[in-house]
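Here is a short set of exercises to work through with the model open beside you. Try each task before reading its solution.

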Amino acid sequence: MSMSRRNHLKSLLLQIGEAMLEEEAREAEKEKMKHMDENCPALTIPSSMEELQELCRKLHKQIDLVDEERYDMEIKVTKSNKEIDDLKMMVQDLKGKFKKPALKRVRMSADAMLAALLGSKHKVSMDLRANLKQVKKEVKDEEKQTGDWRKTIEDKAGMDGRKKMFETEA
């Protein structure tokens, strides 16, 4: 399908969708007006004081009924929210996804670890240092010579000193 054909079809779909949204908005407005006409008749203000007081009493009764319904609905919503939270917790428990606690470091020797893993039947001692190689420390020649530093500097200064350095290295 070419790009121009695709763009043309896309614009047609957008136009149809826009028309459908406008129609839905008009129908919602009609339903709203119909509901208002049924439930809220036109207000007629009485001329006498007694009729006005009767109208106020009637309005207060209606307000009380609406408040009771609102309160009942709020209670239902809070109960259902609590039930939803409980069900979420149950699902989480069934999945078994928990946060792993941070493990603490425990100082334990190799013998104690083997005893914990294998039980008290096996008395195996692991001396990890037994198989290590013995290494002797070598002392360098420079550390042995603890003479006067001025003398060594003077010996190395000049051509004689450089000659001695090369002779000792070779």
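**Exercise 1. A pair within one helix**

In which helix do R26 and E22 both lie, and how many residues apart are they?

Solution. The model is a predicted one, so the steps below rest on computed coordinates.

- Step 1: Locate the two residues. R26 and E22 both belong to helix α1, which covers residues 3-39.
- Step 2: Take the spacing. The two are 4 residues apart, about one turn of the helix.
- Step 3: Look at the contact. R26 and E22 form a salt bridge in which the closest N and O atoms are 3.9 Å apart. The cut-off for a salt bridge is within 4 Å, so this pair counts.

**Exercise 2. From a pair to a network**

Find which residues are linked with R26 in a network of salt bridges.

Solution.

- Step 1: Search for a further partner. R26 also meets E23 in a salt bridge, at 2.7 Å from N to O.
- Step 2: Check the spacing. R26 and E23 are 3 residues apart in helix α1, again about one turn of the helix.
- Step 3: Join the pairs. E22, E23 and R26 make up a network of salt bridges.
- Step 4: Add the accessibility of each member. R26 has 45% relative accessibility and counts as partly exposed. E22 is partly exposed at 41%, and E23 is partly exposed at 36%.

A general remark fits here: side chains of opposite charge can pair when their charged atoms come close.

**Exercise 3. A salt bridge in another helix**

With which residue does R57 form a salt bridge?

Solution.

- Step 1: Identify the partner. R57 pairs with E54, and their closest N and O atoms lie 3.7 Å apart.
- Step 2: Place the pair. Because R57 and E54 are 3 residues apart in helix α2, about one helical turn separates them.
- Step 3: Classify the residues. R57 is partly exposed, with a relative accessible area of 46%, and E54 is partly exposed at 48%.
- Step 4: Set this in context. The structure holds 5 salt bridges, including R57 with E54.

**Exercise 4. The second largest pocket**

Describe the second largest pocket by volume, lining and residue class.

Solution.

- Step 1: Read off the volume, which is about 270 Å³.
- Step 2: List the lining. The residues are N39, C40, P41, A42, L43, T44, L55, K58, L59 and Q62.
- Step 3: Sort them by class. The lining has 6 nonpolar, 3 polar and 1 charged residues.
- Step 4: Ask which element gives the most. That is helix α2 (residues 49-95), with 4 residues.

**Exercise 5. A nonpolar patch**

Which residues form a nonpolar patch on the surface, and what is their accessible area together?

Solution.

- Step 1: Name the members: V106, M108, M113, L117 and L118.
- Step 2: Give the area. Together they have about 530 Å² of accessible area.
- Step 3: Pick one member, L118, which is found in helix α3 (residues 110-118).
- Step 4: Test L118 against the cut-off. Patch residues need over 30% relative accessible area, and L118 has 45%, so L118 passes and is partly exposed.

**Exercise 6. The whole protein**

How many helices and strands does the protein have?

Solution.

- Step 1: Count the elements. There are 6 helices and 0 strands, in the order α-α-α-α-α-α from the N terminus.
- Step 2: Turn to burial. Of the 170 residues in the protein, 1% are buried.
- Step 3: Finish with the surface. The accessible surface comes to about 18,200 Å², and 58% of it belongs to carbon and sulfur atoms.

How values were computed
Residues numbered from 1 in each chain as written. Predicted model: local features only at pLDDT ≥ 70, side-chain atom pairs only at ≥ 80, totals over all residues. Heavy atoms only, no water. Buried < 20%, exposed > 50% of the residue type's maximum accessible area, 1.4 Å probe, protein only. Areas by Shrake-Rupley, 256 points an atom, 1.4 Å probe, with all protein chains shown as cover. Patch = residues over 30% accessible without salt bridge, like charges linked within 9 Å, V, L, I, M, F, W, Y side chains within 5 Å. Salt bridge = Lys/Arg side-chain N within 4 Å of Asp/Glu carboxyl O. 1 Å grid on protein atoms, 1.4 Å probe; cavity = no way out; pocket = protein on both sides within 12 Å on 5 of 7 lines; lining within 4 Å. Points joined across faces, edges and corners; volume = space filled by probe spheres on them. Nonpolar A, V, L, I, M, F, W, Y, C, P; charged D, E, K, R; others polar.
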